[in-house]
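Biologist: I have the sequence and the coordinates open. Can we go through the backbone, the ligand shell and the packing in turn?

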Amino acid sequence: MSRISIADIRKDYILASLSEEVVGDDPFSFFHTWFEDAVRAAIDDVNAMTLSTLQEDGFPDARIVLLKGLDERGFTFFTNYESEKGAQLSKHPKASLVFHWKELERQVRVMGVAEQLTAAENDTYFASRPRASQLGAWASPQSQKIEKRELLEERFAQFEQHYTDAVPRPAHWGGYRIVPIKIEFWHGRSSRMHDRIVFEKQDNGTWSRYRVAP
Ligand SMILES: Cc1cc2nc3c(=O)[nH]c(=O)nc-3n(C[C@H](O)[C@H](O)[C@H](O)COP(=O)(O)O)c2cc1C
């Protein structure tokens, strides 16, 4: 059986470029610009990002989560606080995020420290979710071993019967904010001569900006 030669898959990046003038001085504001471009380009799962956390033994662990908010404090997502990632973040709050908007030949990398959102923030977002997702938050002991799928479905049905009206937020379900210390914007260019512009948080709270080699 002949297999695809992975090493021979190549692509030249030609769409656009990235200059210091365009990026400006505020990485959040520029992130918004790129995010809006990605939304306008109708990119699938535009808010999907790879979240990396650290296991106790030092192994990094990565998975996709969905960006649910961004302000001048940081990037937020929601999950189960008792999940693997939740346990990892409670021991080591350092984390990274990666966005890849491949149709635009763009990547954003974020390095930062995770903090839990407040109960009020969690309640507000939980209340905005569809009922089935709310019930799923109760039914799924995220990251725990389960013997078979049927058990999960039974739990879902039990909670569905139990909460006939509004579904309250489980205490173990909520959000994190990744408060960035570093944000990198990458734009693919021809001949692997890509643009990379990095922002790093200074001790006085301002951002320094510099360019790095591709
Ligand atoms: C497109 C996509 C979006 C996802 N969004 C979330 C999310 O917002 N929150 C979440 O907890 N898991 C999300 N997941 C599932 C996670 O990737 C992961 O399986 C789950 O959070 C358990 O991770 P953990 O065992 O490392 O804690 C998403 C997966 C995909 C593929």
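Biologist: Is S191 buried or exposed?

Modeller: This is a predicted model, so the count is a computed one. Residues with 12 or fewer C-beta neighbours within 10 Å count as exposed. S191 has 9 other C-beta atoms within 10 Å, so S191 is exposed.

Biologist: What is the phi of S191?

Modeller: Most residues other than glycine have a negative phi. S191 lies in the loop between β7 and β8. It is not a glycine, yet its phi is positive, about 60°.

Biologist: Which other residue in the loop between β7 and β8 has a positive phi?

Modeller: Look in that loop for a non-glycine residue with phi near 65°. It counts as exposed, with 10 C-beta neighbours inside 10 Å. That residue is R192.

Biologist: Which element gives the most residues to the shell around the ligand?

Modeller: The shell has 15 residues, and the closest are T79, S83, E84, K85 and S143. β2, β4 and α3 each supply at least two residues. The top contributor gives five residues, and it is β2.

Biologist: How many residues of that shell are charged?

Modeller: The shell around the ligand is mixed in character. Six of its residues are nonpolar and four are polar. The charged ones number five.

Biologist: Which residues of strand β1 are buried?

Modeller: In a regular strand the side chains alternate between the two faces of the sheet. β1 follows that alternation. A48, T50, S52 and L54 point to one face and are not buried. The buried ones, on the other face, are M49, L51 and T53.

Biologist: In β5, what is the bridge partner of L51?

Modeller: β1 has antiparallel pairings with two strands, β2 and β5. Seven bridges join β1 to β2, and there L54 stands opposite P60. Three bridges join β1 to β5. In β5, the partner of L51 is L97.

Biologist: Which residue in the hairpin of β1 and β2 takes a positive phi?

Modeller: The hairpin has five residues between its strands. One residue there has phi near 95°, and it is G58.

Biologist: Why do the buried residues of α5 line one face of the helix?

Modeller: The buried residues are Q134, L135, A137 and W138. Seen down the axis of α5, they line one face because they fall within an arc of 150°. The face turned away carries the exposed A132 and S133. So the answer is the arc: 150°.

Biologist: What covers the buried residues of α5?

Modeller: Look to the elements in contact with that buried side. They include two helices and a strand: α4, α6 and β7.

Conventions: Residues numbered from 1 in each chain as written. Predicted model: local features only at pLDDT ≥ 70, side-chain atom pairs only at ≥ 80, totals over all residues. Buried ≥ 20, exposed ≤ 12 C-beta atoms within 10 Å, placed from the backbone. Helix = DSSP H or I, 4+ residues; strand = E, 2+ residues; numbered from the N terminus. Arc of directions from axis to C-beta. Contact = placed C-beta atoms within 7 Å. Near = placed C-beta within 6 Å. Nonpolar A, V, L, I, M, F, W, Y, C, P; charged D, E, K, R; others polar. Pairing = 2+ DSSP bridges.
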